[in-house]
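Visitor: I'd like a close look at just one part of this model, down to the side-chain atoms. Pick a spot with some charge chemistry and take your time over it.

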Amino acid sequence: MKPAGALLLLGAALLLILGGNCDICPVVKDDVNRFLVGTPEEYIAIVRQYNSNSLIEANARKLKSCVDGKLTLEDKQNALSALDKIYTDPLC
């Protein structure tokens, strides 16, 4: 995985969990897991829960397709490992 991609994933997760709101961590973890290792339809179902705009859905499909096409399984597991460290932080 390119360093910029890893930094983007970690930055997005950090933005979502900053502030120590423990209620959001399980939701964010599920969303990120489906984004990285779920099927495209599983990820789109998550996106639809938050926004039903067809343009947002189309962009989510493109993003998921890009992640699935560019990141190896090892890249995805490395990203999940890094995120697990964030999720287990006492502030989360």
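**A close look around Glu57**

Guide: Let's start with Glu57, which is buried at 17% relative accessibility; buried here means under 20% relative accessible area, exposed means over 50%, and partly exposed is what lies in between (1.4 Å probe, protein chains only). Before going on, keep in mind that this is a predicted model, so local features need pLDDT of at least 70 and side-chain atom pairs count only at pLDDT 80 or more, while totals for chains, interfaces and linings use all residues. Residues are numbered from 1 along each chain as its sequence is written, and side-chain values use heavy atoms, with hydrogens and water left out.

Back to the carboxylate. Glu57 makes a salt bridge with Arg48, at 2.9 Å from N to O; the term covers a side-chain nitrogen of Lys or Arg within 4 Å of a carboxyl oxygen of Asp or Glu. Unlike Glu57, which is buried, Arg48 is partly exposed, with 41% relative accessibility.

Glu57 has another partner too: its side chain meets that of Arg61 in a salt bridge with an N to O distance of 3.4 Å. Arg61 is partly exposed, at 32%. These two sit four residues apart in helix H4 (residues 54–70), so about one helical turn separates them. Salt bridges with shared partners then tie Glu41, Arg48, Glu57 and Arg61 into one network. As for the label H4, helices are DSSP runs of H or I with at least four residues, strands are runs of E with at least two, and both are numbered from the N terminus.

For comparison, take a look at helix H2 (residues 24–37), where Asp30 and Arg34 are likewise four residues apart, about one helical turn. They form a salt bridge, with the closest N and O atoms 3.2 Å apart. Here Asp30 is partly exposed at 32%, and Arg34 is partly exposed as well, at 30%.

Now zoom out. A search of the whole structure turns up seven salt bridges. The protein has five helices and zero strands, running α-α-α-α-α from the N terminus. Of its 92 residues, 29% are buried, Glu57 being one that counts as buried. Among contacts (heavy atoms within 4.5 Å) between residues at least 6 apart in sequence, 61% join residues at least 24 apart.
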